[in-house]
Structure formats: C-alpha cells, structure tokens
Amino acid sequence: MTRVPVGRRKRRAARAAAAAAALILAAAGCGGGAQDDPNTVTIAYQDFGTFQAADDLFTKVKEEFEGQNPDVTVELRPIEAPAEDYQTQVNLMNQSAAEAPDIIYEDSFTINQDVDAGYLAPLDEYWEAWEDAGQYNEQADAAVTALDGKRYAAMLGTDTRGLWYNTELFDQAGVDTPWEPRTWDEVLETARTIRSELGEEVTPLNVYSGTPAGEQSSMQGFQMLLSGTDGALFDEEARKWVTGSAGFEDALAFVETVYSEDLALAPRDALNANVATLNNEERIPAGEIAISLDGSWVTQSWIESANKPWPEWQDVMEFAPMPTQNGQDPGATSMSGGWTLALGSQSANPDLAWEVMSHALNEENATKFAIEGGQIPVREDVASSPEFLEASPMAEQAAALVDVTHFRPAYSEYPRISLAVQEAMEAVMLGEATPAEAAETYAQEVEGIAGADNVTSGG
C-alpha cells in the first residue's frame with residue numbers, strides 16, 4: 001500500500017472531493033462554475049502517486065499571482081488519478097462550458113486528439129509576443145505544435161528513459177560497475193546472475209507490463225524495447241500503423257522471458273495500478289529491486305520534498321542507457337515525452353489565462369519544476385543554471401539520451417492502440433498467449449481501430 005503522510009492525505013482527500021463535485025456538475029450540465037467569472041482562472045492538473053511537482057508549482061503560482069493581482073482568483077483543480085483516468089476526467093470537464101478549465105496540464109501526446117475534439121485554443125499570438133519564448137528549444141516547440149501547424153501548449157519539461165540499477169546489489173552479486181550492457185542478452189544475463197546470487201529477496205529486473213500500469217507499460221516497457229529493434233508502431237513516411245514486424249514480436253518475447261524466468265516482479269505485484277509508486281518509494285529504497293527500466297524523473301521520489309525522502313540514493317543508484325536489441329547503431333535507445341500547459345478553448349478570459357500560464361512558465365518556476373519533477377529542462381537558461389545542475393546529479397546522463405530518443409505517435413488513435421499494446425504484453429506475461437499469438441491479436445485490433453487502409457505490414 002502506498003504510504004502518504006497524514007496531512008497530505010487530508011489535503012488530497014479534500015481536493016479529490018472538490019474535483020469529484022466539479023465533475024458531477026459537468027456531467028449534469030450545470031452552470032455556475034468559475035468560467036462565469038472572467039477574473040477567475042482555473043487550472044486542471046494531475047496530483048497522483050509520488051508526483052507532487054505540479055501541485056507544488058501551481059500552489060506557488062496561485063499564491064504569487066493572486067498576491068500581485070488582488071482582483072484575480074487562480075482556482076486549482078487537482079485530480080488524483082493515474083494518467084489515463086486523469087485524461088478522461090479532464091475530457092469530461094471540457095464537455096461543459098461551465099467547468100472547462102482555462103489552463104490544462106496536458107501530456108504532449110494528447111494534444112492532437114484534444115485539438116481534434118475542440119478542447120484547446122492556439123497560443124501562437126501570445127507566444128510570438130512573449131520575451132521568454134526564445135529560451136525554448138526546437139524540440140520543445142515541435143512537441144506542442146499540432147498537425148494543423150499551430151502551437152497549442154508550452155512544454156514544462158521533457159524526459160528520457162533508461163536502466164536504473166542498485167550498485168550495492170550489483171556488488172553483492174559480483175557484477176562489475178559501472179554497468180554498461182550492450183545488448184538485450186547482456187541485460188538478461190545480468191538479471192539471471194542477480195537471481196542466482198541474491199535469491200528470492202531481490203527482484204532482478206523491473207519491466208512495466210500489462211493494462212493496470214497503463215502508459216507506463218506501453219512507453220517505459222514495450223516501446224523502450226521496440227525502439228531498440230528495426231520495428232516501429234507507426235510508419236511516419238507511409239503515415240500508417242505498423243503490424244506484423246519482427247521487432248514487435250521480439251519485444252513481446254523479451255517480456256515473456258523476464259516474467260517466465262521469474263526475473264521480474266510477480267504478476268500480482270506487476271499488475272497493481274500503483275506499481276510505480278510502490279517500486280520507487282518502497283521497493284527500490286529497500287534494496288528489493290536491482291534494475292528498473294524507468295524514467296529519468298524517478299528521483300522525484302527520493303528528493304528532500306518527496307513523500308519518503310531517500311538521501312542515500314545518490315550513493316546507491318546509477319543510470320545506464322537501455323541498449324538496442326543486438327547492439328546495432330546507435331547502440332542505445334530511449335523514449336521521451338513531456339507534460340505541457342495548454343489553453344482551454346472555452347476560457348472566458350484567455351488573455352488573463354495566458355498571463356497566469358506564462359507566470360508558471362517563467363525561469364524561476366521552470367527551475368523549480370525541473371528539480372522537483374526530475375525533468376530535463378526545455379528552457380536553455382534553466383538547463384544551464386548552477387541551481388539545476390547542482391540539484392540534479394543525473395541530469396547530464398539523462399539529457400544525453402535525447403540524442404537517441406523516440407516519441408510516441410501523437411495521433412488520435414494512439415491511446416486505443418497503446419491499450420492494445422498493454423493487452424498484448426499482459427497476455428504474454430501471464431502465459432495466456434505466445435508472442436506470435438499476442439502480436440496477431442494486436443494486429444487485428446489495430447486494423448479495427450485505424451481501419452485496414454491505415455495499416456501496413458512489417459517494418
């Protein structure tokens with residue numbers, strides 16, 4: 001069970017109740033929300049598990065902005081839910097003019113689908129006039145530009161993924177550090193050595209898998225594997241979804257191996273929706289997991305302001321790139337995403353909403369979010385600041401993976417196809433299907449989701 005300090009539990013309970021009340025009003029089509037007041041700016045954001053950085057940021061923004069503008073109210077709407085449920089709840093709010101948020105904390109891969117739904121307003125005019133816009137790199141600009149060529153959000157930060165490993169457990173198992181696996185087989189061999197030397201008390205390798213973990217399984221797990229093969233989920237040139245690739249089946253075979261050889265968490269633990277929180281707050285600090293394929297942000301679970309600070313992590317944990325399948329070029333792979341701030345299309349006062357948004361994005365607040373959220377900054381001044389570099393000792397290693405990283409296909413079909421990936425993983429981890437059988441089922445589901453004309457074989 002995730003342990004959360006009492007004060008924080010009470011605060012979350014109150015906010016969860018407030019968010020639930022807002023959703024009930026939205027579902028009922030009732031008016032009377034903050035959108036009736038042009039001097040109120042509402043911010044919807046996720047506040048779940050070990051992730052506190054957004055709540056801390058927006059609480060600070062509210063205090064500062066209201067202090068500087070006494071006639072303005074910044075209304076916070078934290079939503080305590082995993083990513084998929086968070087998106088669903090925000091969608092419900094967006095379907096009511098009375099409850100639609102002015103500012104939305106939004107995963108970058110959902111921008112296109114929310115633009116298609118009419119939930120977001122373009123930011124181009126505000127952005128072109130903002131003096132800080134030049135601090136943002138091209139990658140950050142591209143991630144928030146929709147298929148219609150307009151900008152709909154601003155990045156708060158990005159991330160990469162790799163292999164976190166416990167050097168003390170490696171020493172006990174006789175595995176040399178620094179650890180730099182060059183192929184999938186070397187990752188598996190190290191995991192087998194740890195199982196053999198350290199026994200049942202230590203899980204050798206965490207790979208997120210199955211539907212309860214949602215996008216963590218699809219992105220941190222499966223796509224970190226698939227991107228190290230010659231396969232892909234989507235053919236950008238043909239603009240079609242890919243099925244039947246050898247890489248897809250090989251990635252499933254890796255998942256099958258770690259679970260069938262008892263190298264990963266027991267399925268009952270892996271299929272817990274809070275698996276990431278439990279891993280990063282409890283199992284890893286307790287020395288119960290030797291290697292975890294996870295994001296660069298996991299340090300947010302261990303810093304001083306976390307629910308359960310673990311100051312020793314800097315002496316224990318190291319971060320290694322995830323190798324490509326057979327060590328083929330470029331040798332390593334990663335996946336990147338990032339969360340943004342987007343402007344709601346139903347905002348009664350978009351000029352004021354942008355003022356609040358740009359305040360949240362300024363250098364001071366961006367630095368705070370990068371440190372507390374374990375982010376790779378997208379502002380040049382934050383990335384080079386001594387404050388950030390001193391507080392984030394793994395920042396350079398994580399940022400180096402940007403050179404080999406990949407992004408999820410940001411198309412409206414992606415969330416349903418991601419779920420199909422998770423179902424395929426779950427089938428092989430539970431021994432209900434072979435990788436070939438699960439890949440075939442996935443291919444049929446993709447054709448049903450995207451249409452046969454939008455699917456291509458191989459790749």
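Colleague: What makes two rings an aromatic pair here, and how many aromatic pairs does the structure hold?
Modeller: Rings of Phe, Tyr and Trp, the last by its six-membered ring, pair if their centres lie within 6.5 Å. This is a predicted model. By that cut-off, the number of aromatic pairs in the structure is 25.

Colleague: Is the pair of W127 and W354 stacked or edge-to-face?
Modeller: The ring centres of W127 and W354 are 6.4 Å apart. Their planes make an angle of 70°. Planes over 60 degrees apart count as edge-to-face. The pair of W127 and W354 is therefore edge-to-face.

Colleague: How many residues apart are W127 and W354?
Modeller: W127 belongs to helix α5 (residues 124-129). W354 belongs to helix α14 (residues 350-360). The pair links distant parts of the chain, and the separation is 227 residues.

Colleague: Which residue has its charged end over the ring of W127?
Modeller: W127 is buried, as is W354. The charged end in question lies 3.8 Å from the centre of the W127 ring. It belongs to R151.

Colleague: How many of the 11 residues of α14 are buried?
Modeller: Helix α14 is mostly covered. Its buried residues include L352, W354, M357 and H359. The count of buried residues in α14 is eight.

Colleague: Why is S347 classed as buried, and which side chain does S347 join in a polar contact?
Modeller: S347 lies in the loop between β13 (338-343) and α14. Its relative accessible area is 12%, and buried means under 20%, so S347 counts as buried. A polar contact of 2.7 Å links its side chain to that of D102.

Colleague: Why is strand β3 (residues 103-107) largely enclosed, and which of its residues are buried on the side of I104?
Modeller: β3 is largely enclosed because five of its five residues are buried. In a regular strand, side chains alternate between the two faces of the sheet. One side of β3 carries I103, Y105 and D107, all buried. The other side has buried I104 and E106.

Colleague: Which residue of β13 stands opposite E106?
Modeller: Strand β1 (residues 40-46) runs parallel to β3, joined by two bridges. There, I43 has I103 as its bridge partner. β13 pairs with β3 in the antiparallel sense, over five bridges. Opposite E106 in β13 stands T340.

Colleague: Which residues share a cluster of ring pairs with Y105?
Modeller: Y105 is buried in β3. Ring pairs link Y105 into a cluster with Y45, F58, Y86 and W339.

How values were computed. Residues are numbered from 1 along each chain as its sequence is written. This is a predicted model: local features need pLDDT of at least 70, side-chain atom pairs count only at pLDDT 80 or more; totals for chains, interfaces and linings use all residues. Side-chain values use heavy atoms; hydrogens and water are left out. Rings of Phe, Tyr and Trp (its six-membered ring) pair if their centres lie within 6.5 Å; planes under 30 degrees apart count as stacked, over 60 as edge-to-face and the rest as tilted. Helices (H or I, at least four residues) and strands (E, at least two) are DSSP runs, numbered from the N terminus. Buried means under 20% relative accessible area, exposed over 50%, partly exposed in between (1.4 Å probe, protein chains only). A charge sits over a ring if NZ of Lys or CZ of Arg is within 6 Å of the ring centre and within 35 degrees of the ring normal. A polar contact is a pair of N or O atoms within 3.5 Å; within protein, one must be able to donate a hydrogen and the other to accept it, and residues adjacent in sequence count only if both atoms are side-chain atoms. Two strands pair if DSSP finds at least two bridges between them.
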